[in-house]
Amino acid sequence: MATVTNGKKVAPEAEHPRKAFGLAAHDSSGVLSPFAFSRRNNRDDDVTIKILYCGICHTDLHNIKNEWKNTIYPIVPGHEIVGEVSEVGSKVERFKVGDKVGVGCLAGSCRSCAGCTTGFENFCPLPILTYNSKDPEDGTVTYGGYSDMIVVNQDFVISMPENLPLDKAAPLLCAGITVYTPMKYHGLNAPGKHLGVVGLGGLGHVAVKFGKAFGMKVTVISSSPSKEKEAIERLGADAFLVTSNPEQMKAAIFSMDGIIDTVSASHSVPPLLALLKPNGKMIMVGLPEKPMEIPAFSLVLGAKMLAGSCIGGLKDTQEMIDFAGKHNLTADIELISADYVNKAIERLIKADVRYRFVIDIANTLKSNI
């Protein structure tokens with residue numbers, strides 16, 4: 001049984017006997033180093049996963065450096081996790097040993113709020129994040145996918161399509177659902193519609209792929225003219241628009257049904273709203289640090305709508321990954337070894353990646369690195 005200290009439930013060591021190994025940051029320098037820790041025993045409704053690959057998300061960078069001022073050190077980041085089931089609890093019916101599975105940003109939720117009861121666990125006010133979160137069950141801090149194994153409640157585990165390469169599919173568990181959800185719920189998935197994608201990075205390149213898979217006309221909107229060939233020839237975009245080119249921007253006014261804005265750097269939004277047709281929608285999924293200035297006229301003239309979106313619930317995440325499997329849709333990645341992760345973080349800060357780093361956990365994460 002759990003002991004009680006100062007009125008709080010504390011998990012006994014016997015409940016956390018599983019040795020695990022990973023990479024953790026211990027302070028705001030964000031430097032990751034080898035870290036031995038423990039995971040809980042597999043409960044009746046849990047799935048234990050041997051981690052094969054884990055993507056590096058920009059959120060990991062914010063968290064290891066405590067840029068959002070909520071980091072609990074030591075922190076083992078990683079919420080784009082794919083692997084193989086090594087054990088299932090007695091109440092688990094959807095998974096069996098050997099299944100290929102994934103875990104995204106959520107490892108649990110309250111199960112009773114308006115979000116949880118309607119399939120939107122991502123809006124739960126008390127989420128259990130895959131890392132850097134307190135598990136109310138035993139009071140422990142969650143550790144993420146830069147590690148060799150993880151134990152997760154079955155309801156927060158995603159079944160991976162057999163045809164998708166797991167390393168390239170890993171980023172879809174964050175980047176993929178981040179762009180898929182707003183496209184679904186804001187009607188930006190209709191064949192023949194015109195979708196603008198602002199930014200051609202980790203999120204943007206996946207948005208282009210989903211847009212084309214939905215049968216849409218896709219225009220990439222970027223401040224970097226050098227990305228035009230990449231957008232059109234490699235990713236299949238129909239057009240490319242340079243924001244610093246006034247002639248191009250003017251010619252594209254009132255041309256798009258919707259826009260997904262994936263840029264996290266501060267940028268001007270009103271010129272982008274001008275590209276929307278009347279009643280068009282612009283959805284923000286990037287997170288600029290500075291507040292945006294939106295003149296009312298930018299919205300009122302043309303009845304434009306500006307909204308935000310944050311990942312997705314478990315049902316939508318499974319739907320997204322199944323859709324990706326049907327269309328052989330994956331992220332473009334650079335597969336790295338575990339001992340390269342600090343260098344990868346440095347490159348991520350400089351946006352020097354095309355388009356997502358993924359750590360080869362199973363083959364390179366060793367206890368002696």
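At what angle do the axes of helix 3 and helix 9 cross, and within what distance do they come?

## Helix 3 against helix 9

This is a predicted model. The axes of helix 3 and helix 9 cross at roughly 100° and come within 10 Å. Helix 3 is therefore roughly perpendicular to helix 9, since angles of 65 to 115 degrees fall in that class. On the helix 3 side, the contact uses Gly-176, Ile-177, Tyr-180, Lys-184 and Tyr-185. Helix 9 supplies Asp-316, Thr-317, Glu-319, Met-320 and Phe-323.

## Helix 9 itself

Helix 9 covers residues 314-326 and has 13 residues. At 1.5 Å a residue it should span 18 Å. Its end C-alpha atoms are 18 Å apart, so expectation and model agree.

Which residues of helix 9 are buried? They are Leu-314, Asp-316, Thr-317, Gln-318, Met-320, Ile-321, Phe-323, Ala-324 and Gly-325. The buried residues pack against two strands and two helices: strand 8 (106-108), strand 11 (158-159), helix 3 (175-185) and helix 4 (204-213). Just after helix 9, Asn-328 takes a positive phi of about 50°.

## Helix 3 against helix 4

Two packed helices are described by the angle between their axes and the distance between the axes. For helix 3 and helix 4, the angle is about 50° and the axes are 9 Å apart. The two helices are therefore oblique to each other. Their crossing is right-handed.

Helix 3 brings Ala-175, Gly-176, Val-179, Tyr-180 and Met-183 to this contact. These residues meet Val-206, Ala-207, Phe-210 and Gly-211 of helix 4. Gly-176 and Tyr-180 are listed here and also in the contact with helix 9.

## Cys-57 and His-79

Cys-57 sits in the loop between strand 5 (46-56) and helix 1 (58-64). Is Cys-57 buried or exposed? Its relative accessible area is 5%, so Cys-57 is buried. The cut-off for burial is under 20%. Beyond its neighbours within four places in sequence, Cys-57 is in contact with His-79, Glu-80, Cys-174, Leu-348 and Arg-356. Arg-356 is 299 residues from Cys-57 along the chain, yet their C-alpha atoms are separated by 7.6 Å.

His-79 is in the loop between helix 1 and strand 6 (81-88). It is buried too, with a relative accessible area of 7%. Setting aside neighbours within four places in sequence, the contacts of His-79 include Cys-54, Cys-57, Cys-105 and Cys-174. Others among them are Thr-59, Asp-60, Val-103, Gly-104, Thr-130, Tyr-131 and Leu-173. Cys-174 thus appears in the contacts of Cys-57 and in those of His-79.

## His-186

After helix 3 comes a loop that leads to strand 12 (194-198), and His-186 lies in this loop. At 23% relative accessibility, His-186 counts as partly exposed. Not counting residues up to four places away in sequence, His-186 touches Lys-281, Ile-283 and Ala-307. His-186 and Gly-280 are 94 residues apart in sequence. Their C-alpha atoms are 9.8 Å apart in space.

## The annotated domain

The UniProt annotation "domain: Enoyl reductase (ER)", from an unreviewed entry, covers residues 30-359. In the model, that span is 23% helix and 26% strand. Its end C-alpha atoms lie 17 Å apart.

Definitions and conventions:
Residues numbered from 1 in each chain as written. Predicted model: local features only at pLDDT ≥ 70, side-chain atom pairs only at ≥ 80, totals over all residues. Heavy atoms only, no water. Helix = DSSP H or I, 4+ residues; strand = E, 2+ residues; numbered from the N terminus. Expected span 1.5 Å × (residues − 1). Buried < 20%, exposed > 50% of the residue type's maximum accessible area, 1.4 Å probe, protein only. Contact = heavy atoms within 4.5 Å. UniProt positions renumbered as here; feature names shortened; annotations may be inferred. Axes fitted to C-alpha atoms, helices over the stretch in contact; angles between N-to-C directions. Parallel < 35°, antiparallel > 145°, perpendicular 65-115°, else oblique. Left-handed = near helix turned anticlockwise from the far one by under 90°.
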